[in-house]
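These notebook entries record what I looked up in one structure. I kept each entry short and put the side chains at the centre.

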Amino acid sequence: MIQYLLSVMKGQRSGFFSYLIIYLLVPLSLVYRLGVFCHRNYFRIKGQFKAHKPVISIGNITVGGAGKTPLVIWLARHLQDNGFKSIILTRGYMPKSFKVSDEADMLNEQIPYIPVLTGKDRIANIKKTKGSIPVDVFICDDAFQHWPLKRDLNIVVIDALNPFGNGFLLPAGILREDPWSLRRAQIIVLTKINNLNGIHELTSKIKRVNPKALIVESSYKSSGIVDVFDTEILPVNYLKDIPVVAFCAIGDPLSFELELKNSGAHIIKVFTFRDHHLYSKHDIQRMVEFCRGQAVPILVTTHKDAVKLAMFKDLFKGFRLVYIPIQLEITKGSDEFLQKVISVCAH
């Protein structure tokens, strides 16, 4: 039911029941719109906190997997290469029973030399660093709607495959804000263009809203396959023509399926869970039993999911569990993008 509702919100379904759901939820979207308006204007009147170092926000205007985390990693690495010390601030959406968020764990694995501070109160985390941790710039993950904090640069990530869903605000659609909110952004990064035939219509629409913003294009690339438990790096073509069962708990399961198809794997089934889902013993046993019944030797997941599975190693006995590491690649506008960011960091 939840997956069906999400597909309606993303504009991936039509028909009587889909339109009925939207019709019933639109009044709640109006309430949500009013709440956003009041919250935003409250901090416009009250004023925003100004950090002691520049703050770069990487956010979006939709819920779901637009690709913010891979961009955070890309940016942090390039700033490091250019001599800037950054600190990443992330809210860390996870159940309270889980001490570290999946996204924070993934960041710590991929960029272990850059501090990652997790918590809803970004301002408190910024204050903690003053005089204690050397920093030139704060990279604030998912902060485009974080009104209490003043940002020096707003970068918005847009999923080129599904930029605005069905066009409605939450909960009828996936929009956090109307597309006109893109006027606040200085840089707009389009992701997943490698799976898109053309983006001219999308870029034209964005330019009508914000003609001054730099529009950057990006895609994902895989550097290989990684065994979850022994971290062995396997060849890129390791899964070619191999029957696999996949599972994920991310905002955009479709992008994961596309990457899996690109690997050449023969997909028997894909189990999908809600974004940031905390796996249970029952979840794992259900998937393993399915693999056993279908004589499937390999399960495939995402890096974001892999960091949550160490405790279930024994349950995967007799099967191989791997993930496909995904890296962001800026295919258009990379130099100009980096120059804009560095100019902010240097002030």
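The entries below cover salt bridges, one serine, aromatic rings, charges over rings and cysteines.

**Entry 1: salt bridges**

I worked from a predicted model throughout. My search of the whole structure for salt bridges returned 15. I looked up several of them in turn.

I began with Arg33 and Asp178, whose closest N and O atoms are 2.3 Å apart in a salt bridge. I then asked where the two partners lie along the chain. Arg33 belongs to helix 2 (residues 16-46), while Asp178 lies in the loop between strand 5 (153-159) and strand 6 (187-191); the two are 145 residues apart in sequence, so the bridge ties together separate parts of the chain. For accessibility, I noted 37% relative accessible area for Arg33, which is therefore partly exposed. Asp178 has 15% and is buried, because the cut-off for that class is under 20%.

Next I took Asp159 and Lys192, whose side chains meet in a salt bridge at 3.2 Å, N to O. This pair also links distant parts of the chain: Asp159 is in strand 5, and Lys192 is in the loop between strand 6 and helix 6 (200-209), 33 residues apart. Are these two partners buried or exposed? Asp159 has a relative accessibility of 9% and counts as buried. Lys192 is buried too, with a relative accessible area of 2%.

The third pair I recorded is Lys332 with Glu217, where the closest N and O atoms are 3.9 Å apart. I placed Lys332 in strand 14 (residues 326-332) and Glu217 in strand 7 (residues 214-222), so that this bridge links distant parts of the chain, 115 residues apart. Glu217 is buried, with 14% relative accessible area.

I also checked for shared partners. Arg40, Glu177 and Arg184 are joined into one network by salt bridges that share partners.

**Entry 2: Ser181**

I stayed with the loop between strand 5 and strand 6, which also holds Ser181. Ser181 is buried, with a relative accessible area of 1%. A polar atom of the Ser181 side chain lies 2.7 Å from the backbone oxygen of Asp178. Asp178 is thus recorded twice in my notes, here through its backbone and above through its salt bridge with Arg33.

Which residues does Ser181 touch, leaving out those up to four places away in sequence? I found Ile61 and Phe144. I also looked up one long separation: the C-alpha atoms of Ser181 and Lys308 are 35 Å apart, with the two positions 127 residues apart along the chain.

**Entry 3: aromatic rings**

I counted seven aromatic pairs in the structure. For Phe229 and Phe316, I recorded ring centres 5.8 Å apart and planes at 50 degrees, so I entered the pair as tilted. Phe229 is in the loop between strand 8 (225-227) and strand 9 (233-234), and Phe316 is in the loop between helix 9 (303-306) and strand 13 (320-323); the pair links distant parts of the chain, 87 residues apart. Phe229 is partly exposed at 25% relative accessible area, whereas Phe316 is buried at 2%.

I then examined Phe273 and Tyr279. Their rings form an edge-to-face pair, with 5.2 Å centre to centre and 80 degrees between the planes. Both of these residues, Phe273 and Tyr279, are buried. Following the ring pairs further, I found that they link Phe247, Phe273 and Tyr279 into a cluster.

**Entry 4: charges over rings**

I looked for charged ends placed over rings and noted Lys269. Its charged end sits over the ring of Phe271, 5.1 Å from the ring centre. The charged end of Lys269 also sits over the ring of Phe290, at 5.9 Å from the centre.

**Entry 5: cysteines**

I searched the whole structure for disulfides and found zero. Cys248 is in no disulfide, and the nearest cysteine sulfur, that of Cys291, is 14 Å away. Cys248 is buried, with a relative accessible area of 0%.

Why is the sulfur of Cys345 not bonded to the closest cysteine sulfur? That closest sulfur is in Cys140, and it lies 14 Å away, too far for a bond. Cys345 counts as buried at 6% relative accessibility.

How values were computed: Residues are numbered from 1 along each chain as its sequence is written. This is a predicted model: local features need pLDDT of at least 70, side-chain atom pairs count only at pLDDT 80 or more; totals for chains, interfaces and linings use all residues. Side-chain values use heavy atoms; hydrogens and water are left out. Rings of Phe, Tyr and Trp (its six-membered ring) pair if their centres lie within 6.5 Å; planes under 30 degrees apart count as stacked, over 60 as edge-to-face and the rest as tilted. Helices (H or I, at least four residues) and strands (E, at least two) are DSSP runs, numbered from the N terminus. Buried means under 20% relative accessible area, exposed over 50%, partly exposed in between (1.4 Å probe, protein chains only). A charge sits over a ring if NZ of Lys or CZ of Arg is within 6 Å of the ring centre and within 35 degrees of the ring normal. A disulfide is a pair of cysteine sulfur atoms within 2.5 Å. A salt bridge is a side-chain nitrogen of Lys or Arg within 4 Å of a carboxyl oxygen of Asp or Glu. Contact means heavy atoms within 4.5 Å. A polar contact is a pair of N or O atoms within 3.5 Å; within protein, one must be able to donate a hydrogen and the other to accept it, and residues adjacent in sequence count only if both atoms are side-chain atoms.
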